[in-house]
Amino acid sequence: MFKRDYFMRQIEQMTQVLHRILFNKEHIPLADAQQLLDEASRHLLGLNVRSLMALSSKDILELLSYHGNLDTAKAMVIGDMFVGHGDLLKQHEQMDEAYHAYVKSLDLLLHLSLSPEVSPKDDENVEVAARIQTSLDRLKAWMVPEEMKRLLFAHYDKQGDFAKAEDVLFHYMEDHPDQSEFLRQGVSFYKTLLNTEEKLLEAGNFSTEEAAESLRRVQQKLDSF
């Protein structure tokens, strides 16, 4: 209970400034809104937004770790901040920059979801998953990068959302028909599902029969290389 209260208090405190900035983004100049975002960013990690975006997601999570404990609340707020940065840029028709901000948010949140510190049974997991969906919604008009699709597949697999994991896998196969490495992951994925309890498969909108059929299709595709 204490951990949950602390976590939610951290989220609330650190999002107040972001909400004020984003709520008023249509009424203040881009430069002023960006300055406010930079101030919030420096408060979180001592760097402005563009400096944070220049770091890899792994480096950001490393900077947010203290004595081996990752501050998941701050990581999520940084993800929110990247989305807010993208919204500001999109409003001012800086579409390429907005796209990169949304991708950065998704990349950070996927790395956070896949970290050992976040378990599907944790309170934080619901918050992380919701933010991943927000970033995906922002990216609907664009192509999700190849590496991000791999992370998204792993995220859905970890969540036990097997139907969504399969959707990512099959879309990847369509978009990248000449690559076999991810197909091997797919084969391993379906073989694992064949040994998974039916009730867990049902919770993930899947079944043993579907796993067997999909394994056949992916193995056939892999064998054609």
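This passage describes the fold, salt bridges, largest pocket and one histidine of a predicted model.

The protein chain contains 12 helices and 2 strands. Read along the sequence, the order of elements is α-α-α-α-β-β-α-α-α-α-α-α-α-α. Four helices thus come before the two strands, and eight helices follow them. The protein chain has 225 residues, of which 48% count as buried. Contacts across the sequence were also examined. Among contacts between residues at least 6 apart in sequence, 66% join residues at least 24 apart. The exposed surface of the protein chain amounts to about 12100 Å². Carbon and sulfur atoms supply 51% of that area.

Charged pairs were examined next. Side chains of opposite charge can pair when their charged atoms come close. A search of the whole structure finds 10 salt bridges. One of them joins Arg138 to Asp87, with the closest N and O atoms 2.9 Å apart. Arg138 belongs to helix α7 (residues 123-138), and Asp87 belongs to helix α5 (residues 72-91). The two residues are 51 residues apart, and their pairing links distant parts of the chain. The two partners fall into separate accessibility classes. Arg138 is partly exposed, because its relative accessibility is 30%. Asp87 has a relative accessibility of 14% and therefore counts as buried, the cut-off being under 20%.

A salt bridge also forms between the side chains of Asp175 and Lys149, at 2.8 Å from N to O. Asp175 lies in helix α9 (residues 162-175) and Lys149 in helix α8 (residues 146-159), so this pair ties together parts that are 26 residues apart in sequence. Asp175 has a relative accessible area of 40% and is partly exposed. Lys149 is buried, with a relative accessible area of 9%.

Lys164 and Asp161 make a further salt bridge. Their closest N and O atoms are 3.9 Å apart. This distance still qualifies, because the cut-off for a salt bridge is within 4 Å. Lys164 is partly exposed, at 36% relative accessibility. Salt bridges also connect Asp80, Glu127 and Arg131 in a network.

Open space in the model was then considered. Rolling a probe the size of a water molecule over the atoms shows where empty space is left. The largest pocket has a volume of about 330 Å³. Its lining comprises 15 residues. The closest to the pocket centre are Leu136, Val144, Leu152, Val168 and His171. Three elements, α7, α8 and α9, each give two or more residues to the lining. Helix α9 gives the most, with 5 residues. By residue class, the lining of the largest pocket divides into 7 nonpolar, 2 polar and 6 charged residues.

The surroundings of His111 were examined last. His111 lies in helix α6, which spans residues 95-113. The relative accessible area of His111 is 18%, so this residue counts as buried. Residues up to four places away in sequence were not counted as neighbours. With those set aside, His111 touches Ser57, Lys58, Leu61 and Leu151.

Definitions and conventions:
Residues numbered from 1 in each chain as written. Predicted model: local features only at pLDDT ≥ 70, side-chain atom pairs only at ≥ 80, totals over all residues. Heavy atoms only, no water. Buried < 20%, exposed > 50% of the residue type's maximum accessible area, 1.4 Å probe, protein only. Contact = heavy atoms within 4.5 Å. Areas by Shrake-Rupley, 256 points an atom, 1.4 Å probe, with all protein chains shown as cover. 1 Å grid on protein atoms, 1.4 Å probe; cavity = no way out; pocket = protein on both sides within 12 Å on 5 of 7 lines; lining within 4 Å. Points joined across faces, edges and corners; volume = space filled by probe spheres on them. Nonpolar A, V, L, I, M, F, W, Y, C, P; charged D, E, K, R; others polar.
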